[in-house]
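Student: I have this model open on my screen and would like a close look at one part of it. Could you walk me through it and then set it in the context of the whole chain?

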Amino acid sequence: MLETHMSIESLGHLESKLQNLIDKLELTRMELEELRAANTRMEQENAELKQELGSWGERVGALLGKLDNVSEDVAVEEEPAYEA
């Protein structure tokens, strides 16, 4: 009888430990899903930011091109006229 009681008690402990592991596994799964969703959002945001950065780079390049043109025009106007 004592052995049966010990076996039942041991099974109870084992069941409790297994339930704790199952609960932790489920929490870990839920956390993993949240992290994956966050990662997907961050990847999308990163792609959008890269696209925006590219657009800004093109704008800056265009403005620098205009500045170069203006600088060249000013330099040509400031050159002394040589008469031969």
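How many salt bridges does the structure hold? Please take a close look at whatever there is to see there.

Tutor: Happy to, and do keep in mind as we go that this is a predicted model. The structure holds one salt bridge. Its partners are E26 and R29, whose side chains meet with a distance of 3.6 Å from N to O. That falls inside the cut-off, because a salt bridge here asks for a side-chain nitrogen of Lys or Arg within 4 Å of a carboxyl oxygen of Asp or Glu. In general, side chains of opposite charge can pair when their charged atoms come close.

Now look at where the two residues sit. Both belong to helix α1, which covers residues 2–78, and because E26 and R29 are three residues apart in it, about one helical turn separates them. As for exposure, E26 has a relative accessibility of 38%, so it counts as partly exposed. R29 comes out at 46%, so this residue is partly exposed too.

Let's move along the chain to the surface patches. L11, L14, L18, L21 and I22 form a nonpolar patch, and together they offer about 500 Å² of accessible area. One of them, L11, is found in helix α1, and its relative accessibility of 56% is why it counts as exposed. There is also a negative surface patch, made up of D68, E72, D73, E77 and E78. Among these, E72 lies in helix α1.

Finally, the whole chain gives these details their setting. Its secondary structure amounts to one helix and zero strands. The radius of gyration is 36 Å, well over the 12 Å that the globule rule gives for 84 residues, so the chain is more spread out than a compact globule. You can follow this in the C-alpha trace, which spans about 125 × 15 × 10 Å along its principal axes. Buried residues make up 1% of the 84 residues. The accessible surface of the chain is about 8,400 Å², with 59% of that belonging to carbon and sulfur atoms. On the charge side, the chain carries 8 positive and 20 negative side chains, and 13 Å lies between the centres of the two sets. Against that background, the pair to keep in view is E26 and R29, joined by their salt bridge.

Technical notes:
Residues are numbered from 1 along each chain as its sequence is written. This is a predicted model: local features need pLDDT of at least 70, side-chain atom pairs count only at pLDDT 80 or more; totals for chains, interfaces and linings use all residues. Side-chain values use heavy atoms; hydrogens and water are left out. Helices (H or I, at least four residues) and strands (E, at least two) are DSSP runs, numbered from the N terminus. Buried means under 20% relative accessible area, exposed over 50%, partly exposed in between (1.4 Å probe, protein chains only). Patches are made of residues with over 30% relative accessible area and no salt bridge: like charges are joined within 9 Å, nonpolar side chains (Val, Leu, Ile, Met, Phe, Trp, Tyr) within 5 Å. Accessible areas come from the Shrake-Rupley method with a 1.4 Å probe; for residues, only the protein chains shown count as cover. Lys and Arg count as positive and Asp and Glu as negative; His and the chain ends are not counted. The place of a charge is taken as NZ of Lys, CZ of Arg, CG of Asp or CD of Glu. The radius of gyration is taken over C-alpha atoms; the globule rule is 2.2 Å times the number of residues to the power 0.38.
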